[in-house]
Amino acid sequence: MPLTVVLLRNGTYGALRWFGGLLGVPDAPGLDIPGLDFTRIAEGYGVPALHTHGVDELRAVLAERPDGPRLVQVDTALTTPS
């Protein structure tokens with residue numbers, strides 16, 4: 001099945017960090033995960049994966065129709081939900 005999973009990587013469990021702040025636990029341990037390479041994890045499961053660098057490259061990759069499932073990793077800046 002041609003399926004593209006786009007994974008946004010910002011180096012932290014941002015949603016859990018935000019939720020911890022709501023619960024009054026702003027410094028919960030284990031939320032920073034720098035260097036985690038989701039492309040290598042996907043490849044370990046036999047899923048082709050690539051890491052895009054910039055909007056133009058991402059658009060070009062998404063314009064291609066894959067033969068099967070694939071993962072596209074996109075690095076993002078750390079943000080906080082409003």
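## A tour from the strands to the pocket

Start by selecting His-51 and Gln-73: His-51 stands opposite Gln-73, which is in strand β3. Keep in mind as you look around that this is a predicted model.

**Stop 1: the paired strands.** Now colour β2 and β3. These two strands pair in the parallel sense, over four bridges. Next add β1 to your selection. How many bridges join β1 and β3? There are seven, and this pairing is parallel too. To see one position along it, click on Val-5, whose bridge partner in β3 is Leu-71. While β3 is still highlighted, switch on a surface view: the strand is mostly covered, with five of its seven residues buried. If you show side chains along a strand, here is a handy rule: in a regular strand they alternate between the two faces of the sheet.

**Stop 2: Thr-52.** Go back to β2, which covers residues 49-52, and pick Thr-52. Is Thr-52 buried or exposed? Its relative accessible area is 4%, so Thr-52 is buried. What surrounds this residue? Setting aside neighbours within four places in sequence, Thr-52 is in contact with Glu-57, Leu-58, Val-61, Val-72, Gln-73 and Val-74. You have already met one of these, Gln-73, opposite His-51.

**Stop 3: the salt bridges.** The whole structure holds three salt bridges, and we can visit them one by one.

Select Asp-75 and Arg-9 to begin. Their side chains meet in a salt bridge, at 2.8 Å from N to O. Asp-75 belongs to strand β3 and Arg-9 to strand β1, so this pair ties together parts that are 66 residues apart in sequence. The two partners differ in how covered they are: Arg-9 is buried, at 18% relative accessible area, whereas Asp-75 is partly exposed, at 38%.

Move on to Arg-17 and Asp-32, which form a salt bridge with their closest N and O atoms 2.5 Å apart. This one also links distant parts of the chain: Arg-17 sits in helix α1 (residues 14-22), and Asp-32, 15 residues away, is in the loop between α1 and α2 (38-44). On the surface view, Arg-17 counts as partly exposed at 28% relative accessibility, while Asp-32 is exposed at 54%.

Finish this stop with Arg-70 and Glu-64. In their salt bridge the closest N and O atoms are 3.8 Å apart. Arg-70 is buried, with a relative accessible area of 9%, but Glu-64 is partly exposed at 47%.

**Stop 4: the largest pocket.** How can a program find empty space? Rolling a probe the size of a water molecule over the atoms shows where such space is left. In this model, the largest pocket contains about 160 Å³ of space. To outline it, select Leu-7, Leu-8, Arg-9, Asn-10, Gly-11, Thr-12, Tyr-13, Ile-33, Phe-38, Thr-76, Ala-77 and Thr-79. Notice a familiar name here: Arg-9, the salt-bridge partner of Asp-75. Which strand gives the most to this lining? It is β1 (residues 3-9), with three residues. Try colouring the lining by chemical type, and you should get six nonpolar residues, five polar and one charged.

**Last stop: Ala-77.** Zoom in on one of the lining residues, Ala-77, in the segment after β3 (69-75). With 58% relative accessibility, Ala-77 counts as exposed. For a final exercise, draw a distance line from the C-alpha atom of Ala-77 to that of Val-6: the two residues are 71 apart along the chain, and these atoms are separated by 15 Å.

How values were computed:
Residues numbered from 1 in each chain as written. Predicted model: local features only at pLDDT ≥ 70, side-chain atom pairs only at ≥ 80, totals over all residues. Heavy atoms only, no water. 1 Å grid on protein atoms, 1.4 Å probe; cavity = no way out; pocket = protein on both sides within 12 Å on 5 of 7 lines; lining within 4 Å. Points joined across faces, edges and corners; volume = space filled by probe spheres on them. Nonpolar A, V, L, I, M, F, W, Y, C, P; charged D, E, K, R; others polar. Buried < 20%, exposed > 50% of the residue type's maximum accessible area, 1.4 Å probe, protein only. Salt bridge = Lys/Arg side-chain N within 4 Å of Asp/Glu carboxyl O. Contact = heavy atoms within 4.5 Å. Pairing = 2+ DSSP bridges.
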